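Visitor: I'm new to this structure and would like a close look at just one part of it. Could you pick out the disulfide and walk me through what surrounds it?

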Amino acid sequence: MELAKLPLLIVSLMAAAEMPAIGSTQFSGDTLRDTMLGAHSAARRAVGVGPLAWNPDLAVRAQAYADELARTGRFRHSGDLMQEAQGENLWMGTRGAYRFDEMAGAWVEESRNFVNAPAPAFSRTGQWQDVGHYAQIVWRGTREVGCGMASDDEEDYLVCRYSPAGNVIGRAAF
């Protein structure tokens, strides 16, 4: 191999190594942030509620919990939410099969069963769990969000943290 071609080869190999493989869940934090803020803002705008700001500290906490979910394979809400006064939305799906907008879209889709009544009576089904993700997204008092995502061999785990927390018993979302 000629020496003159060596730098080009090294640059090409470095670029290929940085690109995610097809089906990979590697992503840019900016892509996650921008997609989540866009989905949340659209849902909030639809009900006349202002947009959320991205909070890097919430994103760090969300990422840490997404990593824990992927490591343990246990899909459940964090036990630290009450002491941290944060809300939390969780999503899990087949690794690499869903885009970020589809993940957030699953939460927003709950709007079809949502009624703006005091929590927990804000679901047409009578089950607050059927609309809790959506209610957190559109909760008027919530000002900030941060999200993180991690994967194990089979699943992707998305965690969004909110401050202040929504879904306050006895209060309506907006």
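Guide: Happy to. Keep in mind that this is a predicted model. The count of disulfides here comes to one, and the partners are C147 and C160, with sulfur atoms 2.0 Å apart. The two cysteines are 13 residues apart and link distant parts of the chain: C147 belongs to strand β3 (residues 144–151), while C160 belongs to strand β4 (residues 155–163). As for its twist, the torsion about the S-S bond is about 105°, so the disulfide is right-handed.

Now, is the pair buried or exposed? Buried means under 20% relative accessible area. C147 has 4% relative accessibility, so this cysteine counts as buried. C160 is buried too, with a relative accessible area of 0%.

Let's stay with C160 and see who its neighbors are. Leaving out residues up to four places away in sequence, C160 touches M36, H40, G87, E88, N89, W107, V145, G146 and, of course, its partner C147. Two of the names you've just met, M36 and C160, come up again in the largest nonpolar core, which has 26 residues: together with L158, they touch the most other members. At least two residues of this core come from each of α2 (29–46), α5 (100–108), α6 (132–138), β3 and β4. Another core lies apart from that one; this other core has nine residues, including A66, L69, A150 and Y157.

A66 and L69 take us to helix α3, where both are buried, along with L58, A59, A62, Y65 and A70. Looking down the axis of α3, you'd find its buried residues within an arc of 140°, so they line one face of the helix. Here the strands of the disulfide come back into the picture: β3 and β4 are among the elements that cover the buried residues of α3, and so are β1 (53–54) and β2 (87–94). Swing around to the other side of α3 and you meet P56, D57, V60 and R71, which are exposed.

The helix itself runs over residues 56–72, 17 residues in total, and reaches 24 Å from its first C-alpha to its last, close to the 24 Å expected at 1.5 Å a residue. Its N-terminal end is capped by N55, which places a side-chain oxygen 2.8 Å from the backbone nitrogen of D57. After α3 comes G73, with a positive phi near 75°.

Technical notes:
Residues are numbered from 1 along each chain as its sequence is written. This is a predicted model: local features need pLDDT of at least 70, side-chain atom pairs count only at pLDDT 80 or more; totals for chains, interfaces and linings use all residues. Side-chain values use heavy atoms; hydrogens and water are left out. A disulfide is a pair of cysteine sulfur atoms within 2.5 Å. Helices (H or I, at least four residues) and strands (E, at least two) are DSSP runs, numbered from the N terminus. Buried means under 20% relative accessible area, exposed over 50%, partly exposed in between (1.4 Å probe, protein chains only). A nonpolar core is a set of buried Ala, Val, Leu, Ile, Met, Phe, Trp, Tyr and Cys residues joined through side-chain atoms within 4.5 Å. Contact means heavy atoms within 4.5 Å. The expected span of a helix is 1.5 Å times one less than its number of residues. The arc is that of the directions from the helix axis to the C-beta atoms. A polar contact is a pair of N or O atoms within 3.5 Å; within protein, one must be able to donate a hydrogen and the other to accept it, and residues adjacent in sequence count only if both atoms are side-chain atoms.
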